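Welcome! Please take a moment to turn the structure around on your screen before you read on.

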Amino acid sequence: MKQKLSINQRLSIADRWDIAAKVWHTDKEIEIIKTLMEHLQISQQSVISDVACGTGFHSINLSNLGHNVIASDIDENNLKIFSKRLYEDDIKNITVFKMDWLKMQSTLFTKVDALMCLGSSITYFESWKEGKHIDSKNRIVGLKNVLHNFKNAVKVNGKVIIGFSRHYPENKNLEIVNFEPIVIEGELLEMKWFLELDWKNFQKKWTCDVRSEHNNYTFDLESHLYTLDEFKSICLTVFDNVEVLDINANYYDLFVVCS
Ligand SMILES: C[S@@+](CC[C@H](N)C(=O)[O-])C[C@H]1O[C@@H](n2cnc3c(N)ncnc32)[C@H](O)[C@@H]1O
């Protein structure tokens, strides 16, 4: 007899990610990005590369601020969802393509004024895949490789802006984050994150659990783990200047700005 697939088996991780992302991305975040761009004096006409575009939240908001956006991501299903959104909303100043930070060719696009890698994405550079187990051996070399590729993609005075999770106190090994329930497309969604931080092996496991009355959309992903000081010092092996900006104490990310 044919077995009925669960919702997590039927939906791609991109579909589930997109549902979860709608719960945590808020209008407040748009204000934070706006303040960040003003603080960094990145003018509205500048060309921005959003290299972890996912299903498009940051790219769309950067385009709403007037920037021309070159959006990319490794996950084709993310790009499909994003491209459909661009078509439906008739958004014209965003170009989307598939790209892996580990094999990035800056010749694919002209050098940009700023490159953004937001949403705590960078630590997943080799692990954005369900069930993918990583060890820490590539943690520093792999990160430096990604940072070099990012550096090559920006103009001489350009900036590389990296979202870095603030929830990394070294004394903790489990953090649970509860979100306010929210109605998305008629479905009341409750979301919880479980962040298992293994400081011995420098690994993080993020379980994202989103529930409604009838559905449970879940995924878990592994990533590398760095302290902020360590992350900064790795950035300094590639860039001359590294600055950490804390735009809003309630926002999940700090911004590490490299130039
Ligand atoms: C945490 S999500 C952030 C998405 C988006 N910035 C947001 O906050 O809604 C991380 C994104 O990084 C992408 N990613 C992970 N590793 C990558 C790689 N090596 N090259 C390109 N994209 C990658 C994933 O596909 C995923 O969309």
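The report below walks through the fold step by step, from the whole chain to single residue pairs.

## The chain as a whole

Keep in mind that this is a predicted model. The chain contains seven helices and twelve strands. Its C-alpha atoms fill a box of roughly 60 × 50 × 35 Å along the principal axes. How does the radius of gyration of the chain agree with that of a compact globule? A compact globule of 259 residues would have a radius of gyration near 18 Å, and because the chain has 18 Å, the two agree. As for burial, 37% of the 259 residues count as buried.

## One open sheet

Now look for the strands that lie side by side. Seven strands form an open sheet, and their order is β3-β2-β1-β4-β5-β12-β11, with mixed pairing. Which strands sit at the edges? They are β3 and β11 (242–245), each of which pairs on one side only. Ignoring direction, neighbouring strands of this sheet are turned by 20° against each other on average.

Here are some of the strand pairs, with how they run and how many bridges join them.

| Strand pair | Direction | Bridges |
|---|---|---|
| β1 (residues 47–50) and β2 (residues 68–73) | parallel | four bridges |
| β2 and β3 (residues 94–98) | parallel | five bridges |
| β4 (residues 112–117) and β5 | parallel | five bridges |
| β5 and β12 (residues 253–258) | antiparallel | six bridges |

## Around strand β2

Let us start with β2. Is this strand mostly covered or uncovered? It is mostly covered, since five of the six residues in β2 are buried. On the β1 side, Ile-48 stands opposite Val-69 of β2. On the β3 side, Ile-70 has Thr-95 as its bridge partner, while Asp-73 is partnered by Lys-98.

Helices connect these strands too. Together, β1, helix α4 (residues 57–64) and β2 make a right-handed β-α-β unit. Following the chain onward, β2, helix α5 (residues 76–88) and β3 make a right-handed β-α-β unit as well.

## Around strand β5

Next, find β5, which covers residues 154–165. Why is this strand described as largely enclosed by the rest of the structure? Nine of its twelve residues are buried, so the rest of the structure largely encloses β5.

This strand has a partner in β4, where Met-116 stands opposite Ile-161 of β5. Another partner is β12, in which Asp-253 is the bridge partner of Ser-165. The pairing with β4 is parallel, whereas the pairing with β12 is antiparallel. A right-handed β-α-β unit appears here again, made by β4, helix α6 (residues 139–153) and β5.

## Around the ligand

Finally, turn to the ligand. Which of the 20 residues around the ligand come nearest? They are Gly-54, Ile-74, Gly-119, Ser-121 and Trp-128. What kinds of residues make up the shell around the ligand? Eleven are nonpolar, six are polar and three are charged.

## Looking back

To retrace the path on your screen, begin at edge strand β3 and follow the sheet order through β2, β1, β4, β5 and β12 to β11. On the way you will pass β2, with five of six residues buried, and β5, with nine of twelve buried.

How values were computed
Residues numbered from 1 in each chain as written. Predicted model: local features only at pLDDT ≥ 70, side-chain atom pairs only at ≥ 80, totals over all residues. Buried ≥ 20, exposed ≤ 12 C-beta atoms within 10 Å, placed from the backbone. Helix = DSSP H or I, 4+ residues; strand = E, 2+ residues; numbered from the N terminus. Pairing = 2+ DSSP bridges. Right-handed = clockwise from strand over helix to strand, strands pointing away. Near = placed C-beta within 6 Å. Nonpolar A, V, L, I, M, F, W, Y, C, P; charged D, E, K, R; others polar. Axes fitted to C-alpha atoms, helices over the stretch in contact; angles between N-to-C directions. Rg over C-alpha atoms; globule rule 2.2 N^0.38 Å.
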